[in-house]
Amino acid sequence: MAHRPGLSFRFTHAITRTPADSVANGLRAVDAGDPNAEAFRAEHGRYVTALQEAGLEVDVLPPLEDWPDSCFVEDPAFCLPEGAVLLRPGAVSREGESREIRAALERRFGKVAELPGAGHVDGGDVLLLDDVILIGLSARTDREGAEAFAGILAEWGYRARVCETPEGVLHFKTACSTLGEDVILATKVMADSGFFGKRKVVVVPDGEDYAANVIRVNDVVLVPEGYPETLAAIEAAGFRTVVLPTHEARKVDGGLSCLSLRFSPT
Ligand code: CIR
């Protein structure tokens, strides 16, 4: 796979989905109280505006009451300039989400592939970099799914590497993000993993692990509100930031990356 500068952060479009009232039943590892759907929708509105201000055309899909976690659109699909791949989320309560997002992807892409076989992959476990795609095995993404997905990526000309997400971390990207230009933001455990080779790694300060999930969108990095040391570290590394509230998403283990699919269709 050739190095394609900007592949991982230069985007023209995004897809999001408004949180449903049923998001109060969303999956979570530790119960810190239910998210309030109305407050979540207000935070989501600010997120959509931030993507638009970063230069993206944003498709906002309607809420799906039958699928409580369906606002986390990153998980049922993965997008590249050439096309989109419908994944197979690893949680039973999310299995219908790929079907539900297909039409939105077909509006934007000529090519929409399906993950072959019976394995599982959540998009939250897939980190797109400019020269490699890292796929993290997790409680949601199994080896069969990861290998089937890597096979599609290879057909499309991309190199993938399968990694082990550290124990207790929901998704690979719960604990790391690309800041672009070969700089990674990662928790200490992830930074020590060796997954990132010679790339520069900005380590998330102690006590702020949630802030490892940020998104670089064109010229800015969107950062969750309430993590001042991580914000300072990202700015010190030379990146412009926009801070957004994610208090409701966090109650159901969601972060900034999970709330959109970002892409530049060719
Ligand atoms: C779940 O557990 O599946 C949702 N409550 C949160 C999904 C977060 N998605 C992501 O990190 N990509």
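Contact here means heavy atoms within 4.5 Å. The legends below describe close-up views of a predicted model.

**View 1. Surroundings of Gly-90 in the predicted model.** Gly-90 sits in the loop that runs between strand β4 (83-86) and helix α2 (97-108). Beyond residues up to four places away in sequence, Gly-90 touches His-120, Asp-122 and Arg-140. The C-alpha atoms of Gly-90 and Arg-140 are 4.2 Å apart in space, although the two residues are 50 residues apart in sequence. Gly-90 has a relative accessibility of 28% and therefore counts as partly exposed.

**View 2. Glu-248 in helix α6.** Helix α6 spans residues 247-251 and includes Glu-248. The relative accessible area of Glu-248 is 9%, so this residue is classed as buried, the limit for that class being under 20%. The side chains of Glu-248 and Lys-251 are joined by a polar contact of 3.0 Å. With neighbours within four places in sequence left aside, the contacts of Glu-248 are Pro-35, Asn-36, Ala-39, Phe-40 and Glu-43.

**View 3. The ligand and the residues around it.** There are 13 residues around the ligand, and those that come nearest are Asp-69, Arg-94, Arg-140, Val-252 and Cys-258. One of them, Arg-140, is also among the residues touched by Gly-90 in View 1. Two backbone positions approach nitrogen of the ligand: a polar backbone atom of Leu-27 is 2.8 Å from a nitrogen atom of the ligand, and a polar backbone atom of Val-252 is 2.7 Å from a nitrogen atom of the ligand. Arg-94 takes part through its side chain, a polar atom of which lies 2.8 Å from an oxygen atom of the ligand.

**View 4. The largest pocket.** This pocket has a volume of about 770 Å³. Its lining is made up of 34 residues, and Gly-168, Leu-170, Thr-174, Tyr-210 and Asp-253 are the closest to the pocket centre. By class, the lining contains 13 nonpolar, 10 polar and 11 charged residues.

**View 5. The second largest pocket, beside helix α2.** The volume of the second largest pocket is about 200 Å³. Its lining consists of Leu-86, Leu-87, Arg-88, Pro-89, Glu-95, Ser-98, Arg-99, Arg-102, Glu-114 and Leu-115. Helix α2 supplies the largest share of this lining, with three residues. Five residues of the lining are charged, four are nonpolar and one is polar.

**View 6. Positive phi at Asp-182 and Asp-253.** Asp-182 has a phi near 65°, a positive value in a residue other than glycine. The loop that holds Asp-182 lies between strands β9 (176-180) and β10 (183-186). With 33% relative accessibility, Asp-182 counts as partly exposed. Asp-253, likewise not a glycine, has a positive phi of about 60°. Asp-253 belongs to the loop between helix α6 and strand β15 (261-263), and it is partly exposed at 30% relative accessibility. Asp-253 also appears in View 4, among the residues closest to the centre of the largest pocket.

**View 7. The largest cavity.** Rolling a probe the size of a water molecule over the atoms shows where empty space is left. The structure holds three cavities of 30 Å³ or more, and the largest of them encloses about 290 Å³ of space. Of the 22 residues in its lining, Phe-11, Glu-74, Leu-128, Lys-173 and Arg-262 lie nearest the cavity centre. Elements that give two or more residues to this lining are the strands β3 (77-80), β6 (126-128), β9, β12 (215-217) and β15. The lining divides into 11 nonpolar, seven polar and four charged residues.

**View 8. The second largest cavity, lined in part by helix α1.** About 40 Å³ of space lies in this cavity. Phe-40, Glu-43, His-44, Tyr-47, Pro-245, Thr-246, Ala-249, Leu-256 and Leu-259 form the lining. Helix α1 (residues 37-53) gives the most to it, with four residues. Six residues of the lining are nonpolar, two are polar and one is charged. Two of the lining residues, Phe-40 and Glu-43, are also contacts of Glu-248 in View 2.

Technical notes: Residues numbered from 1 in each chain as written. Predicted model: local features only at pLDDT ≥ 70, side-chain atom pairs only at ≥ 80, totals over all residues. Heavy atoms only, no water. Buried < 20%, exposed > 50% of the residue type's maximum accessible area, 1.4 Å probe, protein only. Polar contact = N/O pair within 3.5 Å; in protein donor to acceptor, adjacent residues only side chain to side chain. 1 Å grid on protein atoms, 1.4 Å probe; cavity = no way out; pocket = protein on both sides within 12 Å on 5 of 7 lines; lining within 4 Å. Points joined across faces, edges and corners; volume = space filled by probe spheres on them. Nonpolar A, V, L, I, M, F, W, Y, C, P; charged D, E, K, R; others polar. Near = heavy atom within 4 Å.
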